[in-house]
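Colleague: I am new to this structure and would like a close look at a single part of it. Could you take me through the surroundings of one aromatic side chain, and then through whatever ties the neighbouring strands to the rest of the chain?

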Amino acid sequence: QVQLVESGGGLVQPGGSLRLSCETSGFSLDYYSVGWFRQAPGKEREGVSCISASDGNTDYADSVKGRFTISRDNTENTVYLQIIGLKYEDTAVYYCAADTVGLGCALTSSEYAYWGQGTQVTVAS
């Protein structure tokens, strides 16, 4: 049974940092790519980063490049999203998702069948 559980969200001041975790079970990160998505109130879900199963290549949305870093620990079956320089516009529910996305990874939500329940990130002073 594929499961993904996000954690690490919280209330942070602008400029602060967070590390989100996506603990996975029921599959191997050697074969499943993982993406991080976020959804702010009243907005569509947005792909922010992903990491491919095959070679660990990563991709980022332009809005987060230089501030977000995705990584994975295959031995711990966990994918991380390190965020620095948080901005008000980063406020959203952050989700991780997994699937066998062929070569590479994708920032498109339709590419992923398995989703976590989300973790709230709120940036406020």
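**Around Trp115**

Modeller: Trp115 is partly exposed, because its relative accessibility of 26% falls between the limits for buried and exposed. Please keep in mind that this is a predicted model. Tyr95 and Trp115 make an edge-to-face pair, since their ring centres are 6.5 Å apart and their planes stand at 75°. Tyr95 belongs to strand S9 (residues 92-99) and Trp115 to strand S10, so this pair ties together parts of the chain that are 20 residues apart in sequence. Unlike the partly exposed Trp115, Tyr95 counts as buried, because its relative accessibility is 14%.

The structure holds 6 aromatic pairs in total. Another of them joins Phe37 to Trp115 in a tilted arrangement, with 4.9 Å from centre to centre and 50° between the planes. Here the link is between distant parts of the chain, for Phe37 sits in strand S4 (residues 33-39) and Trp115 in strand S10 (residues 114-115), 78 residues apart. Phe37 is buried, with a relative accessible area of 0%. Through such ring pairs, Phe37, Tyr95, Tyr112 and Trp115 are linked into a cluster.

A charged residue also meets two rings of this cluster. Arg45 lies over the face of Tyr95, at 4.1 Å from the ring centre, and the charged end of Arg45 also sits over the ring of Trp115, 4.7 Å from the centre of that ring.

From Tyr95 one can move along strand S9 to the disulfides, of which the whole structure has 2. Cys22 is joined to Cys96, with 2.1 Å from S to S, and this link is right-handed, with 75° about the S-S bond. Cys22 lies in strand S3 (residues 18-25) and Cys96 in strand S9, so the bond ties together parts that are 74 residues apart in sequence. Cys22 is buried at a relative accessible area of 0%, and Cys96 is likewise buried at 0%.

The other disulfide joins Cys50 to Cys105, with 2.0 Å from S to S, and it too is right-handed, with 60° about the S-S bond. Cys50 is in strand S5 (residues 46-51) and Cys105 in the loop between S9 and S10, so the pair ties together parts that are 55 residues apart in sequence. Cys50 is buried, with a relative accessible area of 0%. When the bonded cysteines of the chain are numbered in sequence order, the pairing reads 1-3, 2-4.

How values were computed: Residues numbered from 1 in each chain as written. Predicted model: local features only at pLDDT ≥ 70, side-chain atom pairs only at ≥ 80, totals over all residues. Heavy atoms only, no water. Phe/Tyr/Trp six-rings, centres within 6.5 Å; stacked < 30°, edge-to-face > 60°. Helix = DSSP H or I, 4+ residues; strand = E, 2+ residues; numbered from the N terminus. Buried < 20%, exposed > 50% of the residue type's maximum accessible area, 1.4 Å probe, protein only. Lys NZ or Arg CZ within 6 Å of the ring centre and 35° of its normal. Disulfide = S-S within 2.5 Å.
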